[in-house]
Amino acid sequence: MRVIAGPADRPTDRTSDTRGGIRFDRVTVAYRGNTDTIALDSLDLTVEPGEVMALLGPSGSGKTTALRAVAGFVKPAAGRVFIGDRDVTGLPPHRRGIGMVVQQYALFPHMRVEDNVAFGMRAQKVPKGEIPARVAEALELTGMAAYAKRYPRELSGGQQQRVAIARALAIRPGVLLLDEPLSALDARLRSGMLAELARLHRELPEVSILYVTHDQVEALTLADRIAVMDNARLQDVGTPQDLYRRPRTEFTASFVGNANLLPVKVGSAAVSFGQAELKVSTQDIAPGATATLCVRPHLVGLGDGPNSLTGEVAEVQWRGSTHRLYVDVDGHRVKADLRELRKPPALGERVTVHFAPEDAVLLAAGVNSDG
Ligand SMILES: Nc1ncnc2c1ncn2[C@@H]1O[C@H](COP(=O)(O)OP(=O)(O)OP(=O)(O)O)[C@@H](O)[C@H]1O
Ligand SMILES: [Mg+2]
């Protein structure tokens with residue numbers, strides 16, 4: 001398979017200085033006519049050259065707005081946007097050297113696939129003679145070479161999304177912005193496309209990718225780092241492993257993966273949760289404080305163990321390869337994901353579950369990005 005050459009190979013290319021990542025420098029966006037709503041609040045974030053950064057967060061948290069600020073579709077009220085070391089804050093979208101793919105493909109219905117892919121290059125005034133070869137390259141890269149003459153309506157959803165990606169790549173962007181690119185696809189197609197995107201990134205290692213998603217599996221699978229957004233603000237940023245294993249806040253713990261978040265009282269070498277004393281590292285949280293203990297459901301086992309909790313089974317869900325148990329312990333519902341049980345407990349049955357001290361993370365109360 002041919003690989004689209006990196007920007008450095010083409011010194012005359014307009015986008016040749018776009019390599020080198022993205023930097024948000026205190027970027028604030030408020031939509032006009034809606035000045036009460038700040039859609040993005042002083043965002044500071046750097047995407048390194050060649051890095052895949054996922055933007056994860058609930059609906060309305062400002063993810064698309066952050067992408068639009070990079071693409072040039074919204075103008076920040078304050079702050080600067082850099083692509084590489086170029087300040088692009090005042091540049092129009094077509095001069096920024098970015099490729100963008102949105103949720104709904106947005107292909108031109110009256111244009112054949114090849115013309116859709118050529119579209120961005122025409123806007124960028126790529127010499128006419130170069131266009132066919134670059135269209136072919138981009139279609140090959142996305143596995144769509146055989147469909148060049150078709151119209152979008154003659155393609156499946158997954159194929160349309162590939163064309164949208166080919167169109168974004170054809171301009172040889174240093175930066176690729178993907179806004180929920182897989183959300184319109186069904187679960188199976190989505191996981192296939194996820195593998196495709198990972199392969200694409202291996203073939204284009206110099207391209208920085210900012211990837212917006214609701215889906216934590218996508219974020220955990222694809223991203224080198226994840227930026228967690230809430231309420232127009234960056235809440236947390238780190239590698240998927242960091243955020244998953246050592247979350248700093250309840251928000252991150254519950255948004256990146258599933259979590260049991262138990263209110264506890266901190267002692268000197270243990271915490272108390274209702275009647276139970278649980279051995280966990282109390283780090284530097286002062287004895288007497290209240291805190292939240294985060295334990296991932298798949299790290300909770302059935303039966304007695306180092307840190308045991310006993311309660312009543314409130315719900316049992318069979319999920320194929322696992323059982324999810326909900327156990328009511330002292331008025332709190334504890335989730336346990338267990339390898340499929342041969343004989344799952346009955347509702348109302350008293351059971352004991354446990355977790356290892358090293359599998360729990362203690363979160364100080366009230367820790368968030370505000371201080
Ligand atoms: N064109 C617009 N005019 C006014 N307000 C807007 C506009 N676009 C977005 N907003 C508001 O800005 C905030 C952030 O929106 P944004 O689209 O960035 O969220 P998001 O994180 O992408 O959400 P979703 O996951 O639902 O796509 C929301 O409160 C939204 O209502
Ligand atoms: Mg959005």
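## Helix H2 against H3

In this predicted model, the axes of H2 and H3 cross at roughly 115° and come within 9 Å of each other. The crossing is right-handed. From H2, the residues that make the contact are Val113, Glu114, Val117, Ala118, Met121 and Arg122, and they meet Ile131, Arg134, Val135, Ala138 and Leu139 of H3. Sorted by class, the contact of H2 with H3 has eight nonpolar and three charged residues, with no polar ones.

The loop between H2 and H3 holds Lys125, and this residue is worth a look if you like backbone geometry. Its phi is near 60°, a positive value in a residue other than glycine. As a background note, most residues other than glycine have a negative phi. Lys125 counts as exposed, at 63% relative accessibility.

## Helix H2 against H4

H2 also has a second helix partner to look at. Helix H2 (residues 113–123) packs with helix H4 (residues 157–170) at an angle of about 30°, and their axes are 7 Å apart. This crossing, too, is right-handed.

Which residues of H2 meet H4? They are Val113, Asn116, Val117 and Met121, and on the H4 side they meet Val163, Ala166, Arg167 and Ala170. By class, six nonpolar residues, one polar and one charged make up the contact of H2 with H4. If you are following single residues through the model, Val113, Val117 and Met121 of H2 appear in the contact with H3 and in the contact with H4.

## A salt bridge from H2 to a loop

Glu114 of H2 has a salt-bridge partner in Lys149, with their side chains meeting at 2.9 Å, N to O. The two residues come from distant parts of the chain: Glu114 is in helix H2, while Lys149 is in the loop between helix H3 (131–141) and H4, 35 residues apart. How exposed is Lys149? Its relative accessible area is 55%, which makes Lys149 exposed. Glu114, by comparison, counts as partly exposed, at 22% relative accessibility.

## Salt bridges in strands E17 and E18 and elsewhere

Searching the whole structure turns up 14 salt bridges. One of them joins the side chains of Arg324 and Asp337, at 2.4 Å from N to O. Arg324 lies in strand E17 (residues 322–329) and Asp337 in strand E18 (residues 332–339), so this pair ties together parts that are 13 residues apart in sequence. Are these two residues buried or exposed? Both Arg324 and Asp337 are buried.

Another salt bridge brings together the side chains of Asp328 and Arg333, at 2.9 Å from N to O. Here Asp328 is partly exposed, with 30% relative accessible area, and Arg333 is partly exposed as well, at 45%. There is also a network of salt bridges, which links Arg162, Glu196, Arg199 and Glu203.

## Helix H1 and a turn of phi

Helix H1 (residues 63–71) is mostly covered, with seven of its nine residues buried. The buried ones are Lys63, Thr65, Ala66, Leu67, Ala69, Val70 and Ala71. Just after H1 comes Gly72, which has a positive phi of about 95°.

A further residue with positive phi is Asn231, at about 55°, although it is not a glycine. Asn231 sits in the loop between strand E9 (225–230) and strand E10 (233–238). With 61% relative accessibility, Asn231 counts as exposed.

## The whole chain

Stepping back, the chain has eight helices and 20 strands. Its C-alpha trace spans about 75 × 45 × 40 Å along the principal axes. Of the 371 residues in the chain, 50% are buried. Among contacts with a separation of 6 or more, 68% come from residues 24 or more positions apart.

How many angstroms separate the C-alpha centres of domain 1 and domain 2? The centres lie 40 Å apart. In the domain assignment, domain 1 covers 7–245 and domain 2 covers 259–364.

Methods. Residues are numbered from 1 along each chain as its sequence is written. Chains are lettered from A and ligands numbered from 1 in the order in which they are written. This is a predicted model: local features need pLDDT of at least 70, side-chain atom pairs count only at pLDDT 80 or more; totals for chains, interfaces and linings use all residues. Side-chain values use heavy atoms; hydrogens and water are left out. Axes are lines fitted to C-alpha atoms, for helices over the stretch in contact, and angles run from 0 to 180 degrees between N-to-C directions. Helices (H or I, at least four residues) and strands (E, at least two) are DSSP runs, numbered from the N terminus. A crossing is left-handed if the near helix is turned anticlockwise from the far one by less than a right angle, and right-handed if clockwise. Contact means heavy atoms within 4.5 Å. Ala, Val, Leu, Ile, Met, Phe, Trp, Tyr, Cys and Pro count as nonpolar, Asp, Glu, Lys and Arg as charged, and the others, Gly among them, as polar. Buried means under 20% relative accessible area, exposed over 50%, partly exposed in between (1.4 Å probe, protein chains only). Domain bounds come from an automatic or database domain assignment. A salt bridge is a side-chain nitrogen of Lys or Arg within 4 Å of a carboxyl oxygen of Asp or Glu.
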